[in-house]
Amino acid sequence: MRSGIRLWFNQIRNLRIKAKLFLLITVSMAVSSSISLVGLQIAYSIYDQQIYEKSAQVLNLSSTLIENELNKVERLTFSIMSDEQIQQNLVVMNTSESDYTRIQSRAKLVDRLVQYINSETYITAADIADLRGNSYSSGNLTTLSPERRALITRVSELGGGSLGWVPPDTLDYSLIATRQIRSFDNLDLNKLGTLVLHVNLDKIVNQYAREAVTRDGELLIVSEGNMIYPHTAAMKWMVNEKLSVESASKGFRIMEQDGEKYFVSHIHSDYLGWTYYNTLPFQTIFSHILLMKNWMIAAFLISFFLLVGFGMTVARSVTRPIEGLISNMRGLQISDLENSELPTLAPLSQQMDEVGLLQRTYRMMIVRIQELIKENYTKQLIIKETEFRSLQAQINPHFLYNTLESINWISKMNGQKQVSQMVESLGYLLRSSISMKQDMISVEDELQLVQHYITIQRVRFEERLDFRLDVKADLLTQSIPKLTLQPLLENAIKYAVEVMLEPCVIRISGQTEGDTVLLVVEDNGPGIDEAYLEQILTGERKSKGTGIGLKNIDERIKLTFGDEFGLQVENRLDGGARITIRLPIMKRG
């Protein structure tokens, strides 16, 4: 796969500039067109979403208004069921054997029922059935089929006193609200009868929801796969298995029936378990958008071919001067660059664009290359001479090492042990100072430098120098910048031993503090004047030692490990100076 892509890129890279420009314009137009079309599609999707949101708001408002009225019906059924007169008259109708008493109770029951339904606009009829099968009704009752009567009875029995709804059917367009009437006397909840209210759903929809739906749309109400509203057969095709499965969530989709597309949004209600649909003819709301989309695609295609033709013309105007420049380069390639003649200047009538500037720059480049060839030849001679002098300068240190070695052997042969030790220490210090191979060494190697330096100084000061070393073995592998301790020891000798007549104690100690290593160089001399110390640390005055001052050592440590590390110089309370070196724990392998 990768080899195929690499081969494809190599083929493109080897194309002529004319072909590359043509390919670039073509790809750019294709990409821009694709992005534009994708953007249009996204815009259409956003437009669809906005239509859905508006439709969902309409549906939400419609369903809320409808269900508010149905909730009033539910409260009405509860009022009728719990009415004391209705319950008393039902008890009489269920238990009394006197015809006269039953007739009186029947009249009272119907009068009370009439009072209830006259106050409601959307109740077309009400019916109460007692336990003996007698029916007491008010309003415009429609003839119910035996199947519908059985369904109403089953729904009321399943409710057990709570409200149940029976959707309309092909013969009866009324929405049925039914519930059992149970006795509230002593809260025994014995069944007294069954209440049935006929609700005019069409009137509720026309009153509260129809005006909220667009004139070209259609409101549908579906419950458990059954069409509740409207009753026309034209929209029955929407009640199918797929619609029922997807009706439990909010959303929208485009459906097609008999060659006609519909934009369908729906919302599910938890109160009655109904799903409300708003259907809009797709052609009505999207015809202008589809026309605009087709026009934009046509405009993209036309502009694509026009730009491709224009790109080919521009490519030819760019590549022709370049091809002429290439031919000049090929002619120069087979000649001697150093001794070749410069290309002639371009005529004044030549175009002054980037290609014309390229030709002029090419001539200046040839001139510069010839100058660089001569300059490089001169530099090579200087480098050779410098290397020769460097090799010659290396003879002097080797001569000095050999001379010290000869002195060492003569001292040993003559029994001058002290002179031999001084010469060996001096040779070790000389090699360590001149060697530039390592910037970081171990504490152990640094202490060896210190020991050799002390060997030389003890010959000089004898009993006046009391050197003590107290560094733990686990710190010997710690990394430290080269020539850190030895210059500090040299400063201690200069500022303490040289100015004292009595013995001076110089002590080097080491310890760890968390993730930090502390190396301390201290003496019991007269200490350091604060003003003089400030001048040394700021670099205003140089130290008297090897030339590596305190500021130099502090800056090297900070550059290597960070600003939180370095030197801390202070005077001891009991006399003398103390210099603390703060380093991070860093073992050498």
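**Entry 1. D554 and K558**

I looked up D554 in this predicted model and found that D554 is buried, with a relative accessible area of 17%. The cut-off for buried is under 20%, so at 17% D554 falls within the class. I then checked K558, which counts as partly exposed at 26% relative accessibility. The side chains of K558 and D554 meet in a salt bridge, with N to O at 3.0 Å. I asked myself why the two are separated by about one helical turn. They are four residues apart in helix 15, which covers residues 550–561, so the separation is about one turn.

I also noted a network in which salt bridges share partners. It joins D470, R507, E522, E570, R572, D574 and R578.

**Entry 2. Other salt bridges**

How many salt bridges does a search of the whole structure find? I noted 15.

One I opened is between E375 and K379, whose side chains meet at 3.3 Å, N to O. Both residues lie in helix 9 (residues 354–393), and they are four residues apart, about one turn of the helix. I recorded E375 as partly exposed, with a relative accessible area of 34%. K379 is also listed as partly exposed, at 45% relative accessibility.

Another salt bridge is between D466 and R468, where the closest N and O atoms are 3.0 Å apart. D466 has a relative accessible area of 26% and is partly exposed. R468 counts as partly exposed at 43% relative accessibility.

**Entry 3. D127**

I turned to an acidic residue without such a partner. D127 is buried and has no salt bridge. Which side chain of opposite charge is nearest to D127, and how far away? I found R149, at 5.7 Å. A salt bridge needs the nitrogen within 4 Å of a carboxyl oxygen, so the 5.7 Å to R149 does not qualify.

D127 is in strand 1, residues 123–130. The side chain of D127 does have a polar contact with the side chain of S135, at 2.2 Å. Leaving out residues up to four places away in sequence, I listed what D127 touches: L113, S135, Y136, S137, L141, T194, L195 and V196. S135 thus appears both in that list and in the polar contact.

**Entry 4. The largest pocket**

D127 came up again when I looked at the largest pocket, where D127, A129, R149, T153 and V196 lie nearest the centre of a lining of 17 residues. The elements that give two or more residues to this lining are strand 1, helix 5 (146–159) and strand 5 (191–199). Which element gives the most? I found strand 5, with five residues. The space in the largest pocket comes to about 390 Å³.

R149 is therefore on record twice, as the nearest side chain of opposite charge to D127 and among the residues nearest the pocket centre. V196 is in the contact list of D127 and is also one of the residues nearest that centre.

**Entry 5. Cavities**

I searched the whole structure for cavities of 30 Å³ or more and found two. I followed up the second largest, which has a volume of about 40 Å³. E69, K72, V73, E120, Y122 and I123 line it. Helix 2 (residues 17–82) gives the most to this lining, with three residues.

**Entry 6. Q87**

I placed Q87 in helix 3, residues 84–95. Is Q87 buried or exposed? I have it as buried, with a relative accessible area of 8%. A polar atom of the Q87 side chain lies 2.7 Å from the backbone oxygen of R182. Not counting residues up to four places away in sequence, Q87 touches M81, S82, I181, R182, S183, F184, D185 and L192.

**Entry 7. G273**

I found G273 in the loop between strand 9 (260–268) and strand 10 (275–281). G273 is partly exposed, with a relative accessible area of 31%. I checked the C-alpha atoms of G273 and S223, which are separated by 6.6 Å although the residues are 50 apart along the chain.

**Entry 8. Whole protein**

Last, I wrote down the totals. The protein has 15 helices and 17 strands. Of its 589 residues, 37% count as buried. Among contacts between residues at least 6 apart in sequence, 61% join residues at least 24 apart.

Methods. Residues are numbered from 1 along each chain as its sequence is written. This is a predicted model: local features need pLDDT of at least 70, side-chain atom pairs count only at pLDDT 80 or more; totals for chains, interfaces and linings use all residues. Side-chain values use heavy atoms; hydrogens and water are left out. Buried means under 20% relative accessible area, exposed over 50%, partly exposed in between (1.4 Å probe, protein chains only). Lys and Arg count as positive and Asp and Glu as negative; His and the chain ends are not counted. A polar contact is a pair of N or O atoms within 3.5 Å; within protein, one must be able to donate a hydrogen and the other to accept it, and residues adjacent in sequence count only if both atoms are side-chain atoms. Contact means heavy atoms within 4.5 Å. On a 1 Å grid over the protein atoms alone, a cavity is a set of points where a 1.4 Å probe fits but cannot get out, and a pocket is an open set with protein on both sides within 12 Å along at least five of seven lines; lining residues have an atom within 4 Å of a point. Grid points are joined across faces, edges and corners, and a volume is the space filled by probe spheres set on the points.
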